[in-house]
Amino acid sequence: MTPPHESAPWMANLVDFAVILMLVIGIGQFRTPKRAKIGNWVAAAALGVAIFLVLTRHGIDNPFLVVGASLVGALVGVVIAFRIDMTAIPSMVALQHGMGGVAAFMVSMVEMVRDAQTLGPVAKVSGFLGLIVGAATFSGSMLAAAKLANKVNQAPTRLRGHNAILIGLIVVVVGLSAMMWDLTASFTTVGLIAIIAMSMLLGHVFAMRIGGADMPVLISFLNATAGVAAAFCGVIIGNRLLIAAGATVASSGSILTHVMCKAMNRGLGPVFLGSRKTRGIAARAAATTAAQVPAPAVPAAEPTPAVEAQPVAPAPSDAAPSPLQAAVAQISRAQRVIIVPGYGMALAKAQFDVVRLANFLERQGKAVQFAIHPVAGRMPGHMNVLLAEADVDYEKLVEMDDVNPEFPQTDVVLVVGACDVVNPSAADPAQDTPLSGMPILQAHLARCVLVCNLDARPGYSGVHNPLYDDPRTVMLLGDALGTLRDIRRQLGDTEGLGAA
Amino acid sequence: MLDLAIMLAVFAASFGVGFLLISRVPPLLHTPLMSMTNAISAVTILGALLLFSRDLDPVLTVLGAVALVTAAFNMVGGFAITDRMLRLFRTKAANGKAS
């Protein structure tokens, strides 16, 4: 076949531009969920048009194989998309980043082997970068997906001389690329495979040190690198559409990475290079393992190290009510309630009971809102999706900056599986901790705080949470799902609880 | 070199436009946003299709087919799951539930 050349270049340019415009319009709809749904389909249609154009402009040599392979991928994609549990979304998204990486390095490799003689230097550099970034994105994403699915320990794994190993791998990969520069040697294919293998190792070593509450940064970063890989792919095959779409994705991933870092008050460097006190990581590792063990459904009735008390409480009958009774009394009296969900809620799969409790309280005429910290959960926006699935009115999901002024007028804050995002020491200028300066949800300003956490240990940061020692805080330690169900039973809300 | 300039311009312009648009996306929609942009990054499927516009030897054919399968999975699965996620976002008024 003759090399592809359109008869009217201006026409092709116009069509390419229209496709890019559709993508931009699609992304531009992500302001409200309703418009986003349309935007998603506009973007999908843009890619559909682009595929149609490629097929009509260039023709296909092996239609059965092409259609078959595409159908297989598409079918698997659709089936998984519709059957997967929403709690597995972070893992699924990571897996898809990885698949994007595979496609990018495969295309780069085929193009480099086939067109070794005709590729210019720019295309060659892009080809090598496409191989490296694509392969590293693949292995990094696979590890991230496994961590997010709790298939492997979420805690960071650090090797001795981790940074030196990373630098060494980069040197090896770049060196191999330089050696293969010619692309015409007899061992080119083997060399390219070696580059891919070393890049995968690089991605794996890079991702293994990131874990726990830093996962939102990793997954956002992989989103960006998948876009970059697609853009490099576009350069080597000389397709502007690929470059434009890849760049858009890269910018999206970069923004999310930046937002996540800012919300954790950590630079990209410390997150990725692991310069952090190991104390926090060890504590977090322990907390994660502990969280995976199903706790007894009844919260500890014995006195816990934490304080239980109510300041203005006309203590009902008993002089020392259990934390559960204290909590129920507080909720019954409250008029304004704010719920602060965290990753612990997802782990305990407590979102449905949280929402039922919220609905029950609303039916009693109380005002209930959800305060969503930007880094709550394991990926950007994780809590919003979980709560949306549990059928919360999304207008009740309030962002940090909007909800913070409301805490002083709030009677009860119910913290479900969150720690660092409500740690008041972050805002204390007298303290210098890893959390210092991190924006928090100001739960400590409310009249009473109920903490439904598994234990009173510090969060991922390893910083003790003084909120737990506050006399206005009631600690409801144990599995959040069990605790919430106990609260609901005590309040007389039995929806979905069966005979209780 | 003109090619390189054009490609860089396309990259820079798209990155810029993307930046402007996406920095205004509310955190509420960050997960669906990432899921959709992820599906968009499967434009590499165009590259995979272009591979088949000319003869390929058997080994490269297999590699090209792998690229097609993964890109199609990424693209179709990504848009589908984004849609499913966005359908979860409801208001009380819209789903007609009394509160």
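**Exercise 1. Find the salt-bridge partner of A:Asp115 in this predicted model, and place the pair in its wider network.**

Step 1. A:Asp115 pairs with A:Arg114 in a salt bridge whose closest N and O atoms are 3.9 Å apart, and the criterion asks for a side-chain nitrogen within 4 Å of a carboxyl oxygen.

Step 2. As for their surroundings, A:Asp115 and A:Arg114 are both buried.

Step 3. A second salt bridge in chain A joins the side chains of A:Lys396 and A:Glu362, at 3.2 Å from N to O. Because A:Lys396 sits in the loop between α15 (382-389) and β3 (397-399) of chain A while A:Glu362 belongs to helix α14 (residues 351-363), this pair ties together parts that are 34 residues apart in sequence. A:Lys396 counts as partly exposed because its relative accessibility is 24%, whereas A:Glu362, at 18%, counts as buried.

Step 4. Returning to the starting pair, A:Arg114 and A:Asp115 belong with A:Glu111 and B:Arg54 to one network, joined by salt bridges that share partners.

**Exercise 2. Determine which parts of chain A the salt bridge between A:Asp16 and A:Arg240 ties together, and whether each residue is buried or partly exposed.**

Step 1. The side chains of A:Asp16 and A:Arg240 meet at 3.5 Å, N to O.

Step 2. A:Asp16 lies in helix α1 of chain A and A:Arg240 in helix α9 (residues 240-264), so the bridge connects parts that are 224 residues apart in sequence.

Step 3. With a relative accessibility of 9%, A:Asp16 counts as buried, while A:Arg240, with a relative accessible area of 32%, is partly exposed.

Step 4. Helix α1 (residues 9-28) of chain A also holds A:Trp10, which counts as exposed because its relative accessibility is 58%. A:Trp10 forms a nonpolar surface patch with A:Met11 and A:Leu14, and together they have about 360 Å² of accessible area.

**Exercise 3. Describe the contact between chain B and chain A, from its area to its polar pairs.**

Step 1. The two chains bury about 8600 Å² between them, of which 76% is on carbon and sulfur atoms. On the side of chain B, B:Met34, B:Phe73 and B:Arg84 lose the most area to chain A, together 9% of what that side buries.

Step 2. The contact draws 81 residues from chain B and 108 residues from chain A.

Step 3. Three salt bridges are counted between the chains; A:Asp391 and B:Arg90 form a salt bridge through their side chains, at 3.1 Å from N to O. The count of residue pairs in polar contact between the chains is 20.

Step 4. Among the elements of chain B, α4(B) gives the largest share of the side that touches chain A, 28 residues.

Note on methods
Residues are numbered from 1 along each chain as its sequence is written. Chains are lettered from A and ligands numbered from 1 in the order in which they are written. This is a predicted model: local features need pLDDT of at least 70, side-chain atom pairs count only at pLDDT 80 or more; totals for chains, interfaces and linings use all residues. Side-chain values use heavy atoms; hydrogens and water are left out. Patches are made of residues with over 30% relative accessible area and no salt bridge: like charges are joined within 9 Å, nonpolar side chains (Val, Leu, Ile, Met, Phe, Trp, Tyr) within 5 Å. Accessible areas come from the Shrake-Rupley method with a 1.4 Å probe; for residues, only the protein chains shown count as cover. Helices (H or I, at least four residues) and strands (E, at least two) are DSSP runs, numbered from the N terminus. Buried means under 20% relative accessible area, exposed over 50%, partly exposed in between (1.4 Å probe, protein chains only). Contact means heavy atoms within 4.5 Å. Buried area is the accessible area (1.4 Å probe) that two parts lose on being put together, summed over both. A polar contact is a pair of N or O atoms within 3.5 Å; within protein, one must be able to donate a hydrogen and the other to accept it, and residues adjacent in sequence count only if both atoms are side-chain atoms.
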